[in-house]
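Reader: Hello! I am new to looking at protein models, and I would love a close look at one part of this one. Could you walk me through it slowly?

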Amino acid sequence: MEGTNEYQAPLPRRSVPTDGRLWFGVLGGAIAWLLHLVLSYLIAEFGCVSGWGEHHWMGLSLVAWLGLAVSVSMVASAVVANGIATRNQKGFSKDVDSETSSDGERFMARSGVLANRFFIVIIIVQSIPFVFYLQGC
Amino acid sequence: MSEPSRNVEPSSTPDAELQQFNATWASPRGFPGWLSEVNNRPLGIRFMLTALAFFLIGGILALLMRIQLAVSENTFLGPDLYNQLFTMHGSTMMYLFSVPFLEGLALYILPLLIGSRDVAFPRLTALGYWTYLFGGILFYISFFVGEVPDAGWFAYTPLSSSKYSGLGLDFWALGLSLVEVSGIVAAVEIVVTILKLRAPGMTLARMPIFVWTILAAGLMSLFAFTTLLVATLLLELDRTGGTKFFDADFGGNNLLWQHLFWFFGHPEVYIIFLPATGIISMVVGTFARRLLGYTYITVAILVTAFVSFGLWMHHMYTTGLPELSLGFFAAASLMIALASGVQIFAWIATLWGRRPALRPPLMFVLGFIFIFVLGGMTGVMVAVVPFDWQVHDTYFIVAHFHYVLIGGAVFPIFAGMYYWIPKFTGRMMLPKLGHLNFWLSFVGFNMTFFPMHIMGFFGMPRRVYTYLPILELDGYNLFATIGAFVFAAGTLLFLLDILLSFWWGAPARNDPWGGDTLEWTTSSPPPSYGFLVPPVVRSRHPRWEAETLDCPPSASIEAANQRATQALDGRPTEWRGTLVTHAVNATPQAIHYLPGPSYQPLFVAIGLVVALVSVLLKVHLVILVGVAIMAIALGRWLSPKPDLVKRLRESDMADRAGLPILTTGSRSVAWCGMVTFLSILAMSLVALVYAYFYIRLYSPQWPPAGVSEPSRLMFTLSYGLLVVSAPALMWANRSFNRGYENQIQFSMTCVLLLAAAFLATNVYAVIDYGVSINESAYGSLFGLLSVYPWLLVVVGALLLINAQTRAWSEFRDTQGHMAMQMQVTSLYWYATVAAAVVIFGTLILSP
Amino acid sequence: MRNGFTRSVILVFVGLLLCSVGCQGERVQSSLHPEGPAAESVARLWWVMLTVLGLYTLGVFVLATIAVFRRPTQEPKQPTNDREGRRFILIGGAILPTIILVPTLAYTVHTTSSLRMRDTGLTIRVVGHRWWWEVEYPDHRILTANELVIPMGEPVKLELSSADVIHSFWVPQLHGKMDMIPGTTTKFWLQADREGIYRGQCAEYCGLQHAHMAFVVKSLPPDKFVRWLENSASATTVTEDGRGFQLFKKHGCSVCHAIQGTEAKGWSGPDLTLIATRETLAAGTIENTPQNLLQWLVTPQSIKPGVNMPATEASAEELQMIVDFLLKQNGSSTERGDDDE
């Protein structure tokens with residue numbers, strides 16, 4: 001909707017980074033964490049109750065496989081988000097022309113970096129329980 | 001109240017216009033006027049005073065309980081009365097004091113902090129207040145009826161079902177629904193206000209920390225309160241409608257209530273705690289004359305807001321859920337401590353070596369740090385699953401959450417009150433009383449709650465009206481009771497202090513503490529519009545630094561900001577107006593029309609109360625009266641007055657400021673409000689779908705024995721009709737944007753016909769399916785999930801009809817108010833279709 | 001004056017804290033006085049956490065105090081850009097806690113999984129009622145109430161459920177809690193390492209008399225336990241035509257209470273077959289003595305207000321006969337003497 005009725009803004013619109021990348025840089029880690037928690041919870045409660053803990057493949061239970069897969073992919077997503085946030089931060093750094101970069105966006109990029117680091121740590125920590133339950137629930 | 005403001009930048013508007021400006025912003029007179037008030041400042045004060053009254057009542061209940069527990073096997077209160085008192089104490093403190101108080105504080109101080117003249121939807125402020133007030137009254141009427149809620153503030157099913165609890169629980173559930181509406185409404189208000197009404201130049205990087213915390217709490221409230229609203233709806237349906245969501249005998253699930261309740265309940269703690277930390281940051285920043293780690297603190301706030309939704313299961317460690325799933329929640333519960341740790345260390349670093357003056361606000365901050373760190377430590381401990389198995393539901397937990405909630409919320413609130421009351425009343429409080437209050441509160445609090453840790457270890461469960469002498473807990477309990485009275489004496493001193501300050505308090509200057517934020521630029525107390533000239537912000541600390549050193553404003557932005565604020569200097573005079581700015585960069589985007597005094601919020605609230613009370617009294621026909629009152633009031637509220645739109649179109653403000661008044665998309669506050677509202681709808685749908693699959697997971701057979709599968713063909717056809725309406729509406733929008741008058745009418749008619757066809761076929765299909773909502777949890781879920789899109793569609797149809805009628809004459813207004821209405825209506829309709837698709841997938845398609 | 005006051009208050013707190021380790025005599029319901037392996041490992045967990053987190057907390061307090069009272073060194077030139085401050089925040093608030101919390105989590109998950117269900121020989125079913133506990137030994141056809149007798153030194157499996165609202169089963173000296181939820185059966189286990197009597201109590205609020213919903217767990221050495229099983233399972237020796245039983249029936253007791261082997265088959269109150277051997281009456285509310293039982297029959301509502309038990313309207317003589325009948329039936333009145341109370 002934003003673009004449909006564009007009011008003539010007094011400042012030129014920036015080209016890079018785009019809004020989408022900016023927001024992904026800020027929220028990517030948080031969303032990865034949220035997905036990790038929701039999926040882990042669903043795997044653990046819905047999976048364990050449905051008996052997936054009893055199916056084994058290569059020595060690990062189905063629940064453990066799923067959990068590890070979710071953990072690895074979510075850590076990876078958070079790392080990607082962090083990479084994007086770091087690049088955003090450079091894109092908005094001080095030496096870039098202040099006409100085109102506002103400290104609001106620079107701040108978002110910077111907080112994205114901090115938040116993503118935190119969420120990477122928390123996703124890893126949150127995967128620890130899977131290690132203790134490799135054989136079943 | 002309405003003395004002219006002494007802003008930094010003096011007004012240059014002629015006196016005659018200034019007078020008209022003041023008249024426009026003046027509060028309506030007399031008692032009827034009092035009822036129609038919508039301005040954020042008087043309503044904020046009302047919120048806070050009402051919450052304070054409930055705080056005192058809740059405190060008296062607590063003292064009565066402490067008297068009962070002072071010695072073992074006491075007979076001061078019977079078990080029935082004690083159970084009622086602890087239920088009401090918990091409910092009052094959680095629902096009627098802490099959240100509404102902080103909402104009131106936010107509503108009052110928020111516009112002053114961000115440099116706007118009011119909040120985004122003034123009439124919603126009033127609606128929030130009335131629903132809160134009526135909800136609170138409904139809670140307490142139960143005492144006069146003699147049917148007091150007694151199932152605890154958490155109302156676990158089946159104890160709270162109609163089988164085990166009387167009418168009191170209906171008062172509880174319905175009163176709570178009203179308070180939830182109030183909380184959600186305030187959340188919409190706060191979120192949109194912060195994102196759209198900040199002063200030009202107040203980018204996200206320059207928002208005061210308190211604003212960040214209120215924003216986080218507002219966003220959390222949207223999701224948390226909505227979940228609770230769904231949960232209480234299910235409970236009330238079980239109690240009065242005979243549904244079986246929580247009835248284990250009919251396939252219902254009692255743990256579902258706990259999941260939903262704690263999905264609300266845990267964030268709730270942070271909804272209270274985060275704004276409280278925001279107050280701490282404000283006070284610490286002012287007293288240390290700097291604030292270190294701004295970015296760390298804001299990230300910590302946002303992380304807390306996020307992660308708090310991932311902790312709910314740690315209230316359910318003892319319910320026998322799969323061990324593995326407990327592990328994740330233990331991890332999240334431990335790691336959220338980091339966010340609090342960062343904040344604590346940021347305050348310590350800020351205060352380091354600054355020799356802050358030990359005046360009452362700072363004393364309470366230091367008391368907060370001491371108490372909250374202890375509460376945080378026990379919080380980390382109870383996240384540890386096996387340890388929680390021992391201390392869960394014991395006095396250790398009582399100690400823990402009072403350390404967190406009194407230490408983490410009441411002490412900061414005291415700090416904030418000593419800090420801001422001079423701004424509210426124009427009088428300084430008496431410092432000696434403040435110090436005495438601090439020492440009484442601090443010592444009394446620790447005397448009361450520290451021994452409770454030990455009582456928990458020695459086997460005292462929560463919520464017991466007495467205990468046996470063989471537990472040897474008399475000494476600890478007596479000590480705690482004495483402490484409670486010391487603490488209460490401190491609180492009384494606080495009230496006395498407020499009263500006495502009116503006579504003996506020195507008049508407050510604009511900025512008695514040397515604070516850095518915008519509220520200190522207004523007079524004490526501030527005028528109802530806050531700022532005669534909207535301020536331009538050039539740094540994080542507008543009162544300390546003229547502009548930030550590392551990001552000087554560009555000339556073009558500065559010029560746009562200047563033009564916008566100069567245009568609003570003492571204007572608009574005929575209607576209340578304020579600036580809309582970009583959510584991230586705070587560059588001016590539009591001028592927002594703020595409605596003046598109105599009775600409609602009161603009528604909506606009354607209609608809601610009538611409907612709910614008739615549910616309670618089981619006079620079902622009167623529900624319709626309530627709904628009718630509500631519908632009429634809402635209709636009058638929402639329908640734009642034709643002369644108003646005309647006046648806004650012709651206003652010279654747009655030319656002066658170079659900004660539109662009636663506008664669309666994300667620069668329209670109404671559009672932002674609709675997006676926020678839709679996130680509420682989305683959350684309610686998520687909660688319902690979760691309930692469906694959760695009950696299904698623990699059911700041996702689905703649908704239960706004796707119930708057939710729903711007819712796929714019929715439901716597919718019916719939902720298909722609704723899905724087709726989406727492209728039809730897209731077509732209507734395209735026609736509207738291009739100004740094709742007849743196509744608009746035709747396509748909108750198509751949408752409406754499809755909606756009607758959906759309703760007819762769907763109602764028929766559900767009746768034809770014939771599953772009873774009273775015979776199984778499956779039936780109850782099927783019924784409720786089927787009705788959900790019906791309601792959405794009916795409301796949507798009304799919106800569509802409204803837009804279509806208006807498009808008849810105003811189809812050319814493709815940039816202004818009509819366009820906004822089309823956008824908002826379409827947004828709602830697409831969401832309705834999406835919701836219906838999700839429900840179709842859940843009920844019919846899911847394997 | 002103020003400092004003196006504060007100091008004395010601090011002293012009281014320290015005293016309380018130390019006291020919690022055990023300056024008083026017997027703690028019948030304390031999780032810090034463990035008598036079984038599960039409670040022991042949780043108590044150990046607590047002392048470890050207290051030490052580590054306590055040190056961290058103390059560190060925060062010391063830093064906060066220094067921060068406020070320290071003399072200013074110099075005005076930082078750029079207060080909002082203090083690199084050192086940021087490092088301090090990061091280390092103290094995030095890195096140090098992570099170093100503490102990650103091992104804590106591992107310890108948590110490890111302890112959780114080490115406390116999972118044990119393989120056992122004996123299964124006991126416990127059903128929560130408002131406000132008492134129904135106890136059944138399904139393999140031995142024993143039905144009793146408000147008292148679990150277990151063999152010491154070996155784990156016992158529990159199947160917990162509820163007849164009405166949610167209750168929670170908790171014997172602090174042996175293990176943590178497990179909820180009893182209507183519609184589901186939760187699995188749990190207990191083990192006591194020594195012979196003794198351990199008090200338990202309902203830990204989930206369940207209505208009016210939640211406070212008086214307690215029970216005891218009695219652990220016996222294996223030989224005594226086997227004897228208890230045999231005695232309890234043997235058919236009742238009560239003669240139905242005895243005067244005591246007639247009065248029991250006449251005054252309506254048998255409407256709610258059952259005595260195995262007789263026509264008293266009420267089920268809404270506790271089974272009374274083994275009442276003579278029990279330690280307590282009214283679900284752990286009063287000690288089981290003839291005097292107390294008499295009191296309980298006459299004024300149950302003043303002992304446990306709101307309990308479902310009505311007052312027994314009978315003459316003093318008749319009441320005494322009912323008491324004698326209840327406490328002497330089943331020929332097992334000697335059982336309690338065996339346990340050396």
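What share of the contacts in chain C with a separation of 6 or more comes from residues 24 or more positions apart? And what does the place where chain B touches chain C look like?

Author: Happy to help! Please keep in mind that this is a predicted model. Let us begin with chain C by itself. Among its contacts with a separation of 6 or more, 62% are between residues 24 or more positions apart. Chain C contains 10 helices and 12 strands. Of its 341 residues, 54% are buried. Chain C exposes about 15,000 Å², and carbon and sulfur atoms supply 57% of that area.

Now for the meeting place of the two chains. Here 93 residues of chain B are in contact with 96 residues of chain C. About 8,200 Å² is buried between chain B and chain C, with 72% of this area given by carbon and sulfur atoms.

Polar and charged partners appear here too. Between chain B and chain C there are 2 salt bridges. In one of them, Arg463(B) pairs with Glu204(C), and the closest N and O atoms are 3.5 Å apart. The two chains also share 20 residue pairs in polar contact, counting pairs with both residues at pLDDT 80 or more.

Which parts of chain B take part? Several helices each supply at least two residues to the side that touches chain C, including helix 4 (79-114), helix 8 (254-288) and helix 15 (474-504). Helix 10 of chain B gives the most, with 16 residues. Taken together, the residues on this side of chain B divide into 61 nonpolar, 20 polar and 12 charged.

Note on methods: Residues are numbered from 1 along each chain as its sequence is written. Chains are lettered from A and ligands numbered from 1 in the order in which they are written. This is a predicted model: local features need pLDDT of at least 70, side-chain atom pairs count only at pLDDT 80 or more; totals for chains, interfaces and linings use all residues. Side-chain values use heavy atoms; hydrogens and water are left out. Contact means heavy atoms within 4.5 Å. Buried area is the accessible area (1.4 Å probe) that two parts lose on being put together, summed over both. A salt bridge is a side-chain nitrogen of Lys or Arg within 4 Å of a carboxyl oxygen of Asp or Glu. A polar contact is a pair of N or O atoms within 3.5 Å; within protein, one must be able to donate a hydrogen and the other to accept it, and residues adjacent in sequence count only if both atoms are side-chain atoms. Helices (H or I, at least four residues) and strands (E, at least two) are DSSP runs, numbered from the N terminus. Ala, Val, Leu, Ile, Met, Phe, Trp, Tyr, Cys and Pro count as nonpolar, Asp, Glu, Lys and Arg as charged, and the others, Gly among them, as polar. Buried means under 20% relative accessible area, exposed over 50%, partly exposed in between (1.4 Å probe, protein chains only). Accessible areas come from the Shrake-Rupley method with a 1.4 Å probe; for residues, only the protein chains shown count as cover.
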